[in-house]
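Colleague: Could you walk me through this one? I would like to start with how its helices pack.

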Amino acid sequence: MNRLEPSASPYRDKNYKAAEHIQLKGTIYRNLALAAFQRQPQMQEISSDAGSSYNHHFSRITVNESRSMMEHNLQDTISLLTRTPAALNALLRDLPETWTFRNEGENTWSAFDVLGHLIHGERTDWMPRAKLVLEFGETKTFEPFDRQGYIRHGKSVGQLLDEFASLRSENLGELRALNLRQEDLGRRGRHPALGVVTLSELLATWAAHDLTHLHQISRVMAHQYREAVGPWRGYLGVLQCASNSAPS
Ligand code: NI
């Protein structure tokens, strides 16, 4: 890897990055729950300022907040998932290949490779797994996801953007058609490496996975100008950032 980040970074180790990618899937739901808790300062004020007579009121708000958090999660997930193809399209279509086909060194991905990976996820990961959870629960283990499982030769960035947008639109149509209820989101499935996971966790991970790779694309593209920026390199966080998905 010809990365120019500080050499002591543990993220340079391929296995570490792979472990981190897997870990994301297990921790994202808990992180979302924590974020939801952190955006409840009003509740804490009500509780501490108004005294114990408001305890009942406080717990009622907590329950309501918890319910709306779950409902909003799915809506928020769909909102994000809907926008990713347009975001990538705006950034990458017709961009010079300097930006889209260069990577960070041997065995790393270009923006083009990331698009291929996202397409593969639409085909084999998210909705197929969601349907497996709903149909078989924990009794049927997900097929392992091949992170390199995409064919890139002979296609243009524009073709991959079109393919991704089309697949995402189909998948979101299927997701909406499922009319998932609260109890459905708690249904459990079995991941080949992580063990038992919920449908809610799977869907939240779908959205966070988009963001992970948007982050990665930004980093890979900025890497192309690591020398061109001269002394400003130290000011640019994206050139110091090493955390991202595993390339393998
Ligand atoms: Ni990924």
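Modeller: Let us begin with a pair of helices, bearing in mind that this is a predicted model. The axes of helix α5, residues 111-124, and helix α9, residues 199-223, come within 9 Å of each other and cross at roughly 170 degrees.

Colleague: How do α5 and α9 run, roughly parallel or roughly antiparallel to each other?

Modeller: Angles over 145 degrees count as roughly antiparallel, and the crossing is at roughly 170 degrees, so α5 and α9 are roughly antiparallel to each other. The crossing in which α5 passes α9 is right-handed.

Colleague: Which residues make that contact?

Modeller: On the α5 side they are Ala111, Val114, His117, Leu118 and Gly121, while α9 contributes His209, His213, Gln216, Ile217, Val220 and Met221. Sorted by class, the residues of this contact are six nonpolar and five polar, with no charged ones.

Colleague: And what about α5 with α7, which way do they run, parallel or antiparallel?

Modeller: The axes of α5 and helix α7, residues 157-177, also come within 9 Å, but they cross at roughly 25 degrees. Angles under 35 degrees count as roughly parallel, and therefore α5 and α7 are roughly parallel to each other. Here α5 passes α7 in a left-handed crossing.

Colleague: Which residues meet there?

Modeller: From α5 there are Phe112, Leu115, Gly116, Leu118, Ile119, Glu122 and Arg123, and they meet Val157, Leu160, Leu161, Glu163, Phe164, Leu167, Arg168 and Asn171 of α7. This contact of α5 with α7 has nine nonpolar, two polar and four charged residues.

Colleague: With those contacts in mind, how many residues of α5 are buried?

Modeller: Eleven of the 14 residues in α5 are buried, so the helix is mostly covered. Among them are Asp113 and Glu122, alongside residues such as Phe112, Leu115 and Ile119. As for its length, α5 reaches 20 Å from its first C-alpha to its last, which is close to the 20 Å expected at 1.5 Å a residue.

Colleague: Back to α9 for a second. What is Ala207 in contact with?

Modeller: Ala207 lies in helix α9, and if we leave aside its neighbours within four places in sequence, Ala207 is in contact with Thr77, Leu80 and Leu81. Ala207 and Thr77 are 130 residues apart along the chain, yet their C-alpha atoms are separated by 5.8 Å.

Colleague: Why does Ala207 count as buried?

Modeller: A residue is buried if 20 or more other C-beta atoms lie within 10 Å of its own, and Ala207 counts as buried because it has 20 such neighbours.

Colleague: Changing topic, which residue has a phi near 65 degrees?

Modeller: That is Asp94, where the value is positive although the residue is not a glycine. Most residues other than glycine have a negative phi. Asp94 sits in the loop between α3 and α4, and Asp94 is exposed, with 10 other C-beta atoms within 10 Å.

Colleague: And where is Asn107 found?

Modeller: Asn107 is in the loop between α4 and α5, and its phi is about 60 degrees, again positive in a residue that is not a glycine. Asn107 is exposed, having 10 other C-beta atoms within 10 Å.

Colleague: Last one: how many helices and strands does the chain have?

Modeller: The chain has ten helices and two strands, and from the N terminus on, eight helices are followed by the two strands and then two further helices. Of the 248 residues of the chain, 25% count as buried.

How values were computed
Residues are numbered from 1 along each chain as its sequence is written. This is a predicted model: local features need pLDDT of at least 70, side-chain atom pairs count only at pLDDT 80 or more; totals for chains, interfaces and linings use all residues. Axes are lines fitted to C-alpha atoms, for helices over the stretch in contact, and angles run from 0 to 180 degrees between N-to-C directions. Helices (H or I, at least four residues) and strands (E, at least two) are DSSP runs, numbered from the N terminus. Angles under 35 degrees count as roughly parallel, over 145 as roughly antiparallel, 65 to 115 as roughly perpendicular and the rest as oblique. A crossing is left-handed if the near helix is turned anticlockwise from the far one by less than a right angle, and right-handed if clockwise. Two residues are in contact if their C-beta atoms, placed from the backbone, lie within 7 Å. Ala, Val, Leu, Ile, Met, Phe, Trp, Tyr, Cys and Pro count as nonpolar, Asp, Glu, Lys and Arg as charged, and the others, Gly among them, as polar. A residue is buried if 20 or more other C-beta atoms lie within 10 Å of its own, exposed if 12 or fewer, and partly exposed in between; C-beta atoms are placed from the backbone. The expected span of a helix is 1.5 Å times one less than its number of residues.
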